[in-house]
Amino acid sequence: MSTPLPQSPPPAPPAGDRTTHRLVDSPAGRTHLVEQGAGPLVLLVHGFPESWYSWRHQLPVLAAAGYRAVAVDVRGYGRSSRPAGTDAYRMLDLVEDNVAVVRALGAENAVIVGHDWGATIAAHSALVRPDVFRAVGLLSVPYTPPGGPRPGEVFAGMGGEEEFYVSYFQEPGRAEAEIEPDVRGWLAGFYAALSADTMPEPGAPDPHFVRRGGRLRDRFPVGRLPGWLDERDLDVYAGEFERTGLTGALNRYRAMDRDWADLTPGYAGAPVTQPSLFVGGALDASTTWLADAIKAFPDTLPDLRSSHVLDGCGHWVQQERPEEVNRLLTEWLAGLPG
């Protein structure tokens with residue numbers, strides 16, 4: 001069932017964009033989505049700490065290219081439902097949310113494209129439900145198959161005297177206590193820390209790590225917004241998280257060991273065999289730290305048709321470099337089998 005919202009809710013899309021906001025039934029409860037265009041369905045899945053709005057530059061371009069572009073708020077974010085409990089944010093439930101959106105929109109299948117956590121969600125959606133997701137695009141975070149050591153143990157061993165940000169996020173309530181008193185300021189610093197034009201200089205303390213007894217934001221740039229983010233954009237993101245809090249978003253990190261237990265038995269080492277795309281930023285830690293995952297693409301993404309690492313680009317690739325990403329996306333989509 002698809003229900004148009006009774007009025008255009010904030011945040012409004014940029015002027016001139018013919019977008020529609022909807023709530024559709026899903027295992028989460030309801031999933032909020034924003035759609036534009038008509039044609040083959042392209043499902044866009046955001047990462048942390050973002051929302052459907054991170055695809056604002058892609059929606060009109062994909063629509064103009066002949067696609068039905070749909071950007072969702074992942075469960076726990078924005079206007080989608082926020083179930084209680086960490087287990088409600090396990091990967092298999094997020095996959096089924098995506099399936100429910102495709103079905104609610106009356107489609108048999110979709111191309112799925114994700115950024116950051118959304119890339120991981122997109123890859124696993126394609127892995128678990130190849131009957132629904134016929135191709136997959138990954139932005140910033142390369143695919144790594146399920147299996148290997150338990151994630152919580154791996155992250156706890158990183159950083160030496162410091163603490164890796166994932167472990168910091170995994171402790172319930174801890175990151176919320178840092179972020180929620182000043183959501184707007186924290187988001188501005190986090191976005192700047194991972195953007196090419198505002199990230200710390202080489203050799204500066206790494207913002208992905210927390211000193212013992214410190215805060216993640218202690219290493220964020222202060223007083224500068226990256227070029228891709230203006231005050232209005234920041235207001236959109238901050239307004240959503242000021243309304244919802246951060247627990248739903250952070251629970252994705254807290255469900256990682258549950259994902260490992262769910263997925264390892266049936267999918268350890270499994271490739272994603274659908275046609276695929278990867279776009280990363282050369283200055284993004286997700287690209288550099290996971291360089292071995294990119295090298296493994298011939299095995300893990302055997303039908304990879306387009307792979308690009310953008311020079312001088314940070315983590316927020318589709319916002320930092322929208323024109324280039326839009327070109328790569330539309331060229332890849334045009335070459336997919338019907």
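Leucine 41 stands opposite arginine 68 in strand S5. This pair is a convenient place to enter the structure, which is a predicted model. Leucine 41 is part of strand S4, made of residues 41–45, and S5 covers residues 68–72. The two strands run parallel and are joined by five bridges.

S4 has a second partner. Strand S6, residues 110–115, pairs with S4 over four bridges, again in the parallel sense. Here valine 45 of S4 stands opposite glycine 114 of S6.

How are the residues of S4 placed, buried or exposed? Five of its five residues are buried, and the strand is mostly covered. Their side chains go two ways: Leu41, Leu43 and Val45 point to one side of S4, while Val42 and Leu44 point to the other. Residues on both sides are buried.

The chain does not go straight from S4 to S5. Helix H1, residues 59–64, belongs with S4 and S5 to a β-α-β unit, and this unit is right-handed. Between S4 and H1 there is a loop, and serine 51 lies in it. Serine 51 has a relative accessible area of 2%, which is under the 20% cut-off, so serine 51 counts as buried. Leaving aside residues up to four places away in sequence, serine 51 touches His46, Val72, Asp73 and Tyr237.

Next comes the nonpolar interior. The largest nonpolar core has 99 residues, and Phe48 and Phe169 have the most contacts inside it. Helix H3, residues 117–128, gives the most to this core, namely eight residues. What does phenylalanine 169 touch, not counting residues up to four places away in sequence? Its contacts are Phe48, Ala175, Trp186, Leu216, Leu250, Tyr253 and Arg254. The two core residues named above, Phe48 and Phe169, therefore touch each other, as contact means heavy atoms within 4.5 Å.

The last stop is aspartate 230, in the loop between strand S9 (209–211) and helix H8 (231–244). Its relative accessible area is 41%, which lies between the cut-offs of 20% and 50%, so aspartate 230 is partly exposed. A polar atom of its side chain lies 3.1 Å from the backbone nitrogen of arginine 232. The backbone nitrogen of aspartate 233 lies 2.8 Å from a polar atom of the aspartate 230 side chain. Threonine 330 is 100 residues from aspartate 230 along the chain, and the C-alpha atoms of the two are separated by 26 Å.

Methods:
Residues numbered from 1 in each chain as written. Predicted model: local features only at pLDDT ≥ 70, side-chain atom pairs only at ≥ 80, totals over all residues. Heavy atoms only, no water. Buried < 20%, exposed > 50% of the residue type's maximum accessible area, 1.4 Å probe, protein only. Polar contact = N/O pair within 3.5 Å; in protein donor to acceptor, adjacent residues only side chain to side chain. Core = buried A, V, L, I, M, F, W, Y, C linked by side-chain atoms within 4.5 Å. Pairing = 2+ DSSP bridges. Right-handed = clockwise from strand over helix to strand, strands pointing away.
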